[in-house]
Amino acid sequence: PHIAYHLFSGNADDVTERLDRGLVDFGVFIEPADLSKYDFIKLPVTDIWGVLMRKDCPLAARATIRPQDLLGLPLLASNQHLVKNEFSGWFGEGYEKLNIITTYNLLYNASIMVEEGMGYALCLDKIVRTSGGSPLCFRPLEPKLEVGLHIAWKKYQFFSKAAEKFLECLQREIADRREADSPAYQ
């Protein structure tokens with residue numbers, strides 16, 4: 001109660017810069033991310049990579065997207081270096097043959113391009129609304145490419161009372177969730 005939050009959206013490079021400059025207390029990072037200079041907690045959730053596309057395109061009829069399905073398609077991809085490495089590992093040989101027409105740092109911007117029929121976005125699930133009247137859909141990659149999430153902060157950080165309480169509550173919630181998910185309690 002009585003705490004106001006300011007949310008900033010950006011890719012790992014943007015969030016890292018803000019953490020380093022002391023402009024934010026915490027950052028949420030999607031694997032892979034270099035967290036060597038931060039303290040962090042692995043969050044008990046994961047996300048999956050896939051393809052954002054128009055519901056009326058032929059690829060939307062598929063339940064999953066395999067590497068060969070992407071050849072020749074105009075692709076929009078994250079501009080983060082570590083993400084490129086992760087995706088090239090999933091794709092395997094021939095990654096350089098992909099037709100990446102643009103890169104993005106925020107999926108929302110790429111989703112507008114996808115909605116206008118400019119291509120297909122390689123992205124994480126549940127960032128852009130694809131339900132209801134949305135003209136977009138998401139299809140997961142096969143084989144599945146799953147990533148974890150971490151919340152990080154500067155090492156030796158002196159927190160405000162509000163940030164300190166936030167971290168305490170987060171740690172307690174994660175511990176309670178792990179305890180509830182433990183086989184000893186089932």
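User: How many cavities of 30 Å³ or more does the chain contain?

Analyst: In this predicted model, the count comes to one cavity of 30 Å³ or more. The largest cavity has a volume of about 60 Å³.

User: What makes a residue part of the lining of the largest cavity, and which residues qualify?

Analyst: A lining residue has an atom within 4 Å of a cavity point. The residues that line the largest cavity are Trp-49, Ala-77, Ser-78, Val-83, Lys-84, Phe-87, Tyr-95, Ile-100 and Leu-122. Strand β3 (74-78) and helix α2 (81-91) each supply at least two residues of this lining, and the largest share, three residues, comes from α2.

User: How do the lining residues divide into nonpolar, polar and charged?

Analyst: They divide into seven nonpolar, one polar and one charged. Lys counts as charged, and Lys-84 belongs to the lining. Ser is counted as polar because it is in neither the nonpolar nor the charged list, and Ser-78 is among the lining residues.

User: How many aromatic pairs are there?

Analyst: The count comes to ten aromatic pairs. One of them joins Trp-90 and Phe-91, with 6.3 Å centre to centre and 55 degrees between the planes.

User: Why is the pair of Trp-90 and Phe-91 called tilted?

Analyst: Ring centres must lie within 6.5 Å for a pair, and the value here is 6.3 Å, so the rings of Trp-90 and Phe-91 qualify. Stacked requires planes under 30 degrees apart and edge-to-face requires over 60; 55 degrees meets neither condition, and the pair is therefore tilted.

User: Why are Trp-90 and Phe-91 counted as buried or exposed?

Analyst: The cut-off for buried is under 20% relative accessible area. Trp-90 has 11% relative accessibility and therefore counts as buried. Phe-91, at 9%, counts as buried on this criterion as well. Across the chain, buried residues make up 38% of the 186 residues.

User: Which residues do ring pairs link into a cluster?

Analyst: The cluster consists of Tyr-5, Phe-26, Trp-153, Phe-159 and Phe-166, linked by ring pairs.

User: What makes the charged end of Arg-18 sit over the ring of Phe-8?

Analyst: For Arg, CZ must be within 6 Å of the ring centre and within 35 degrees of the ring normal. The charged end of Arg-18 is 3.8 Å from the centre of the Phe-8 ring, which satisfies the distance condition, and the contact is classed as sitting over the ring.

User: How do you know that β2 and β7 pair?

Analyst: At least two bridges are needed for two strands to pair. β2 (residues 38-54) and β7 (residues 146-154) have eight bridges in the antiparallel sense, so they qualify as a pair. Within this pairing, Tyr-38 stands opposite Lys-154 in β7.

User: Over how many bridges does β2 pair with β5 and with β6?

Analyst: β2 pairs with β5 (residues 120-124) in the antiparallel sense over four bridges, and the partner of Trp-49 in β5 is Leu-124. With β6 (residues 136-140), the antiparallel pairing of β2 extends over five bridges, and Leu-52 stands opposite Phe-138 in β6. In total, the chain has four helices and seven strands.

User: Why is Ser-160 called partly exposed?

Analyst: Partly exposed lies between the limits of 20% for buried and 50% for exposed. The relative accessibility of Ser-160 is 39%, which falls in between, so Ser-160 is partly exposed. Ser-160 lies in the loop between β7 and α4 (161-181). From Pro-140 it is 20 residues away in sequence and 40 Å in space, C-alpha to C-alpha.

Terms used: Residues are numbered from 1 along each chain as its sequence is written. This is a predicted model: local features need pLDDT of at least 70, side-chain atom pairs count only at pLDDT 80 or more; totals for chains, interfaces and linings use all residues. Side-chain values use heavy atoms; hydrogens and water are left out. Rings of Phe, Tyr and Trp (its six-membered ring) pair if their centres lie within 6.5 Å; planes under 30 degrees apart count as stacked, over 60 as edge-to-face and the rest as tilted. Buried means under 20% relative accessible area, exposed over 50%, partly exposed in between (1.4 Å probe, protein chains only). On a 1 Å grid over the protein atoms alone, a cavity is a set of points where a 1.4 Å probe fits but cannot get out, and a pocket is an open set with protein on both sides within 12 Å along at least five of seven lines; lining residues have an atom within 4 Å of a point. Grid points are joined across faces, edges and corners, and a volume is the space filled by probe spheres set on the points.
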